Amino acid sequence: MQSTSVEPCQPAGEGYYFVMAEKQKHYSKIADYGLIGNLHSVALVGLDGSIDWLCLPHLDSPSVFGALLDCRRGGRFAVRPREPWESTATYLPDTNVLVTRFRTSGGILRVTDFMPVTAEREEIPDDRHMLFRLLEVEQGRVEFEVVFEPRFDYGRGATRLERRPQGLIARGNGERLSFSATLPLRVEGDRGYAAGILVAGEEACLHLRFAREDPEAVDLDESRRLLEATVRFWRGWLGRCEAKRRIDPGPYRDQAIRSLLVLKLLFYGPTGSLAAAATTSLPEEIGGVRNWDYRFCWIRDAAMTAEIFWKMGHREELKDYLSWVETVISRGDGKNLEILYRLSGNAATREMELMHLEGYMGSRPVRIGNAATGQKQHGIYGHLMAGAELLSASGEEFPKELWPHMCRYCEHVVEHWHETDVSIWEMRGPPRHHVHSKVMCWTALDRGVKIARRHGFDGALDKWEAIRDEIRREVLNRGWSEGRQAFVLAYDSEDLDASNLIIPIVGFLPFDDPRVLATVRTVQLELGKDGLLYRYRVDDGLPGSEGRFLLCTCWLIINLARQGRVAEAELLLKRLQDTGNHLGLFSEQYDPDLRLQLGNFPQAFTHLGYLQAICAIQEEKRTGEKGGPSEAQEPIY
């Protein structure tokens with residue numbers, strides 16, 4: 001990779017591939033980014049040394065650097081050599097501290113990026129949100145430059161830079177960001193700039209601090225101390241779980257550890273909520289309109305993630321999530337759950353389009369907020385109850401104050417399961433009787449009965465069991481197609497939906513049931529390509545197309561493993577792993593023809609699905625080695 005100066009975007013030409021080639025001159029591939037964070041927010045750092053995405057003070061706040069979505073207007077914070085270079089990036093082992101190395105003809109520059117974690121489970125003042133970039137020349141001599149271009153509020157307002165004795169202050173949208181360094185800084189219009197030369201063994205430090213009135217002098221010793229504390233935090237957090245014991249040594253362990261660390265970065269520490277992804281509006285098709293804001297907590301996604309943490313021995317995340325749900329319920333004055341919320345637990349913001357931004361590689365519109373918040377998805381109650389039941393079955397004390405809410409949601413399922421909804425994929429067409437939603441309604445009542453009987457809680461258990469069994473009969477009657485030899489997307493439909501691979505995963509049917517086996521075969525044949533699955537191939541009310549949906553491939557791997565097809569599952573797991581980037585980060589979707597990651601990044605769904613798939617494969621292999629009965633009939637969550 002060779003460095004270039006920051007240039008304005010050029011007008012797009014005619015034709016998809018020409019436009020894409022033009023845009024690639026000014027945008028990094030999604031796969032070129034690494035992620036750092038402090039359990040309040042995250043930053044995307046490119047292989048070119050540019051921080052192109054950072055929202056402050058929280059992950060769902062407006063962006064401060066947003067070149068990811070507009071290379072000219074979005075803003076960036078870049079460090080790069082001033083001569084041609086090649087770069088590599090890696091994490092310090094068992095941490096979320098990112099190290100990028102630039103190799104030039106004259107030497108090697110190492111840039112260490114991190115955000116100090118000053119509190120795991122509490123809100124911190126705005127001015128304690130910091131980001132450090134430590135520069136050191138490992139070999140030879142390197143001349144470098146620093147470009148500081150904050151653009152507050154998604155670049156909607158003007159940014160004003162002021163010189164101060166210890167550095168620069170950027171102002172915009174009523175916010176402030178201080179920038180200090182161990183080298184001279186100057187202001188060039190609405191950007192800050194620095195240049196320097198380091199020789200082997202010499203260091204420099206760049207320091208950002210949000211909501212700070214005056215920059216503070218950079219203390220290299222203090223910066224190193226914060227780096228060491230950040231490294232200790234991540235390794236200590238990882239050491240408190242049982243992942244290294246639960247994941248067998250071999251080809252999956254490093255990726256499993258990375259997936260856990262990525263998922264932890266997406267947790268919002270003060271509340272226990274989880275962002276579905278770190279970004280907004282990264283496209284499902286380059287140049288297309290399927291661009292959504294995923295910086296919210298979906299009840300479903302967060303429940304599934306908390307469950308995999310529990311399986312890895314990190315039990316506090318599930319408890320924190322259920323506590324967050326209780327807080328959300330309390331704020332709702334008895335209303336039914338929305339499908340997604342702000343990370344704070346407040347209602348999600350309405351969806352709107354930022355027409356002043358050109359979008360990633362010209363993919364418009366850029367959206368903030370999410371209209372799915374008003375949709376009806378009956379399946380979320382199944383995911384929520386599955387997480388609660390996992391805690392219930394552990395032998396630990398179940399929070400009694402949570403049960404009245406769980407009981408009420410079981411009653412909600414009893415009253416509404418027979419209605420239409422938009423289901424897991426949030427299609428923007430008319431509601432339907434989606435099979436996945438019915439199965440998750442069954443799951444909600446099944447887990448509710450188990451929790452109540454285990455702890456002696458009150459509830460209309462006989463009624464719940466009767467409705468649970470009625471749902472099962474109806475799904476088997478109306479959700480199964482003899483002609484397609486598969487469970488279908490919705491009643492009175494012949495279309496396929498890869499989300500039905502979850503049917504045996506939640507225990508609705510055994511993995512070796514003939515209808516499950518047939519569904520797996522049909523889905524593989526008709527939704528699969530190059531080993532990866534589309535989630536569906538139907539008109540969903542939106543123009544354009546999308547890539548292979550990686551979570552669905554994870555569900556396929558689980559089914560294959562639990563059916564005893566472990567070797568096939570492992571081959572597919574390797575195929576899935578190859579879609580990750582150089583750091584082991586997965587996006588939502590993937591285009592194997594163009595070898596491009598697509599969709600918001602990194603995506604919690606894919607990382608949790610990967611961990612579920614590893615667990616299924618390794619549990620089946622252990623069962624085979626012992627020669628004991630298969631565990632395939634037990635629900636995974």
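## Strands, cavities and some unusual backbone

Strands β26, β27 and β28 form an open sheet in that order, with antiparallel pairing. The edge positions belong to β26 (548-549) and β28 (596-598); each has a single partner strand, so one side of each is left without a neighbour in the sheet. Two bridges join β26 to β27 (residues 589-591), and these strands run antiparallel. If you want a spot to start looking, Phe 549 stands opposite Gln 589 in β27. Please keep in mind as you read on that this is a predicted model.

**Two hairpins in a row**

Earlier in the chain, strand β6 (residues 86-91) runs antiparallel to strand β7 (residues 98-103), and six bridges join them. Glu 86 stands opposite Arg 103 in β7. β6 and β7 form a hairpin with six residues between them, and Asp 94 in the turn has a positive phi of about 60°. β7 also pairs with strand β8 (residues 107-114), again in the antiparallel sense and over six bridges. This second connection is a hairpin too, with three residues joining β7 to β8. Here Arg 101 has Arg 110 in β8 as its bridge partner.

**Cavities**

How many cavities of 30 Å³ or more does the structure hold? There are six of them. The largest has about 280 Å³ of space. Its lining counts 22 residues, and the closest to the cavity centre are Trp 292, Tyr 294, Trp 425, Glu 426 and Arg 535. By class, the lining of this largest cavity divides into eleven nonpolar, two polar and nine charged residues.

The second largest cavity has about 60 Å³ of space. Among the residues that line it are Leu 39, Glu 120, Arg 121, Lys 264, Glu 317 and Asp 320. Two elements, β16 (267-268) and α7 (316-331), give two or more residues to this lining. Its classes are three nonpolar, two polar and five charged residues.

**Asp 293, a buried acid**

Asp 293 sits in the loop between β17 (273-274) and β18 (297-298). Is Asp 293 buried or exposed? Its relative accessibility is 1%, so Asp 293 counts as buried, the limit being under 20%. The side chain of Asp 293 makes a polar contact of 2.9 Å with the side chain of Arg 295, and it also reaches the backbone nitrogen of Gly 369 at 3.0 Å. Beyond its neighbours within four places in sequence, Asp 293 is in contact with Thr 279, Thr 280, Ser 281, Trp 298, Arg 367, Ile 368, Gly 369 and Asn 370.

**Thr 271, partly exposed**

Thr 271 is placed in the loop between β16 and β17. At 21% relative accessibility, Thr 271 counts as partly exposed, because the buried class covers values under 20%. A polar contact of 2.8 Å links the side chains of Thr 271 and Ser 273. Leaving aside neighbours within four places in sequence, Thr 271 is in contact with Asp 320, Trp 324, Leu 343 and Ser 344. Asp 320 appears again here, having been named in the lining of the second largest cavity. Thr 271 and Thr 519 are 248 residues apart along the chain, and their C-alpha atoms are separated by 39 Å.

**Unusual backbone geometry**

Most residues other than glycine have a negative phi, and most peptide bonds are trans. Against that background, four places are worth a visit in the viewer.

| Site | Backbone feature | Value |
|---|---|---|
| Leu 56 to Pro 57 | cis peptide bond | omega near 5° |
| Arg 364 to Pro 365 | cis peptide bond | omega about 0° |
| Ser 423 | positive phi, not a glycine | phi about 70° |
| Gln 485 | positive phi, not a glycine | phi about 55° |

Where do these sites lie? Pro 57 is in the loop between β3 (50-55) and β4 (63-65), and Pro 365 is in the loop between β20 (352-353) and β21 (367-368). Ser 423 lies in the loop between α9 (403-416) and α10 (435-455), while Gln 485 is found in the loop between β22 (480-481) and β23 (486-487). Ser 423 is buried, with a relative accessible area of 4%. Gln 485, by contrast, is partly exposed, with a relative accessible area of 32%.

Note on methods. Residues are numbered from 1 along each chain as its sequence is written. This is a predicted model: local features need pLDDT of at least 70, side-chain atom pairs count only at pLDDT 80 or more; totals for chains, interfaces and linings use all residues. Side-chain values use heavy atoms; hydrogens and water are left out. Helices (H or I, at least four residues) and strands (E, at least two) are DSSP runs, numbered from the N terminus. Buried means under 20% relative accessible area, exposed over 50%, partly exposed in between (1.4 Å probe, protein chains only). A polar contact is a pair of N or O atoms within 3.5 Å; within protein, one must be able to donate a hydrogen and the other to accept it, and residues adjacent in sequence count only if both atoms are side-chain atoms. Contact means heavy atoms within 4.5 Å. On a 1 Å grid over the protein atoms alone, a cavity is a set of points where a 1.4 Å probe fits but cannot get out, and a pocket is an open set with protein on both sides within 12 Å along at least five of seven lines; lining residues have an atom within 4 Å of a point. Grid points are joined across faces, edges and corners, and a volume is the space filled by probe spheres set on the points. Ala, Val, Leu, Ile, Met, Phe, Trp, Tyr, Cys and Pro count as nonpolar, Asp, Glu, Lys and Arg as charged, and the others, Gly among them, as polar. Two strands pair if DSSP finds at least two bridges between them.
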